[in-house]
Amino acid sequence: MITLDKREHDIASKIWELKKASGTHSPSIFTIAQKIPEIDIRIDACFLSNPYATELFMKHVESELIQTKKIREVMEFYPSQNGVIADVISKGINISKENIFVGNGAIEIIQAVLHNFVYKKLVVNIPTFSSYYEFANGDTQVVFHALKKENNYLLDVEEYVKFIKNEKPQSVVIINPNNPNGGYIDYNSLFYILSELKEVENIIIDESFIHFAFENVEYIPISYNKLFEQFSNIILIKSMSKDFGIAGIRAGYAIMSKQKIAKLLKNGYLWNSNGLSEYFFRLYSTESFKQKYECVRKKYIKQTQDFFTRLSHIKQIKTYKSKANFALIELTDGSKCTDFVIKMLLQYGIYTRTCNDKMGLSGEFVRIASRTEQENKIILKSMQDIFN
């Protein structure tokens, strides 16, 4: 069982103060480095992104912006307005620009949707990303649908449909794959859910981790765009931070009805993107970048799934099956998740995420993000050392 010494306890108290200030989210590595300089973070396995995609994007920034000195234009001049960037994205995903809303990261879109279109009753599966119930309007009744531990926190489709029909909510949220457990609803099952719930006014599908999911050995990309064409009550929300490794430039978009887009743009969001995110979206919509990205996406999925398999061999933990780029692990040897996170951070410089604040989890849970192949080896070795 993992235990902390006095020094580790003292530093732990400082970290939990920062955590408290961050609410139900984790403090960034920059915040920790500034406030607690004695901590040396070498591997960030808390925040969720594909490091190979970050490298790919940085190569383009280096050659197209820095070496050409066009970076000055990106920084000095206003970016294009929301509708112009939506037009750029539309060419890359084959969806009308009138159905695309560009956000300053997915979190801005989540807030915009919850504050403008969600009222009366909202059903949220738990455990899940907390912002979907934290940012709900004060007069919205949030009903929690608990995913069962005995079912590994996976969604029971038939039971879920029955629950929604009984509750009769105005809106529901489905994160697929789900955060924090990486549980995935396959395409046909999701189609069935939508077919059964046509009376629900808004079905919000957060597909921020969909690029890590797969339904065949070729890792063919999964897209919900056709679902949107068939079901008018869908709102698709997509963060670019995770799959493209660019959380720092705040880029995301949503697909929804033209009427909803028009309402949002009428109430603001004119210049809510920055120059670098516009540059990214223009790059993202080119065929050459897509082909390069597909290579690093598939490479990362394979290495990530190998990492999860190796994690499952550590006998002091239970690793929940995931089709995202993170794994939910449960400590089964009597260790506390908070002690595990502190020990990994202070002894090995590896930042992981405690899940003791996740509503709907019962036990000692930690979420660990997949990194590069080499970094994953270090994470595994460090965990084996800690438990031994």
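Where is the place of R250? In this predicted model, R250 sits in the loop between α11 (241-244) and β8 (252-255), and its phi is near 55 degrees, a positive value in a residue other than glycine. With a relative accessibility of 28%, R250 counts as partly exposed, because that value falls between the 20% below which a residue is called buried and the 50% above which it is called exposed. A second residue with this kind of backbone is N152, a non-glycine residue whose phi is positive and near 60 degrees. N152 belongs to the loop between β4 and α8, and its relative accessible area of 32% makes N152 partly exposed.

Two cis peptide bonds can be described alongside these loop residues. One joins I126 and P127, with omega at about 5 degrees, and P127 lies in the loop that runs between β3 (121-126) and α7 (131-134). The other is the bond from N176 to P177, where omega is near -5 degrees; P177 is placed in the loop between β5 (171-175) and α9.

From the loop that holds P127, the chain can be followed to helix α7, where E134 is found. Is E134 buried or partly exposed? Its relative accessible area is 35%, so E134 is partly exposed. Once neighbours within four places in sequence are left aside, E134 is in contact with T24 and H25. K321, by comparison, is 187 residues from E134 along the chain, and the C-alpha atoms of E134 and K321 are separated by 27 Å.

Strand β4 (residues 141-146) contains H145, which counts as buried because its relative accessibility is 3%. Apart from neighbours within four places in sequence, H145 is in contact with V123, V124, N125 and I126, and also with L155, E159, Y160 and F163. I126, one of these contacts of H145, is also the residue joined to P127 by a cis peptide bond.

Y160, another contact of H145, leads on to the packing of helices. Two packed helices are described by the angle between their axes and the distance between the axes. For helix α8 (residues 157-167) and helix α9 (residues 187-196), the axes come within 10 Å and cross at roughly 20 degrees. That angle makes α8 roughly parallel to α9, because angles under 35 degrees are counted in that class. The crossing in which α8 passes α9 is right-handed. On the α8 side the contact is made by V157, E158, Y160, V161 and K165, and on the α9 side by S189, Y192, I193 and E196. These residues divide into five nonpolar, one polar and three charged.

Helix α9 is also the place of L194, which counts as buried because its relative accessibility is 0%. Leaving aside neighbours within four places in sequence, L194 is in contact with I203, I205, L227, F231 and I234. For one of these contacts, F231, the separation from L194 is 37 residues in sequence and 7.3 Å in space, C-alpha to C-alpha.

How do the axes of helix α1 (residues 6-21) and helix α15 (residues 337-348) cross, and within what distance do they come? They come within 10 Å and cross at roughly 105 degrees, which means that α1 is roughly perpendicular to α15. The contact draws on R7, E8, I11, A12, I15 and W16 of α1, together with T338, V341, I342, K343, L345, L346 and Q347 of α15. Eight of the residues in this contact of α1 with α15 are nonpolar, two are polar and three are charged.

In soluble globular proteins, nonpolar side chains tend to be buried together. Which residues touch the most other members of the largest nonpolar core? Of the 71 residues in that core, they are F280 and F281. Helix α3 (residues 51-66) gives the most to this core, contributing six residues. Not counting residues up to four places away in sequence, F281 touches I85, V88, I89, V102, M240, A251, G252 and Y253. A second core, separate from this one, has 24 residues, among them I109, V113, Y132 and I204.

Note on methods. Residues numbered from 1 in each chain as written. Predicted model: local features only at pLDDT ≥ 70, side-chain atom pairs only at ≥ 80, totals over all residues. Heavy atoms only, no water. Axes fitted to C-alpha atoms, helices over the stretch in contact; angles between N-to-C directions. Helix = DSSP H or I, 4+ residues; strand = E, 2+ residues; numbered from the N terminus. Parallel < 35°, antiparallel > 145°, perpendicular 65-115°, else oblique. Left-handed = near helix turned anticlockwise from the far one by under 90°. Contact = heavy atoms within 4.5 Å. Nonpolar A, V, L, I, M, F, W, Y, C, P; charged D, E, K, R; others polar. Core = buried A, V, L, I, M, F, W, Y, C linked by side-chain atoms within 4.5 Å. Buried < 20%, exposed > 50% of the residue type's maximum accessible area, 1.4 Å probe, protein only.
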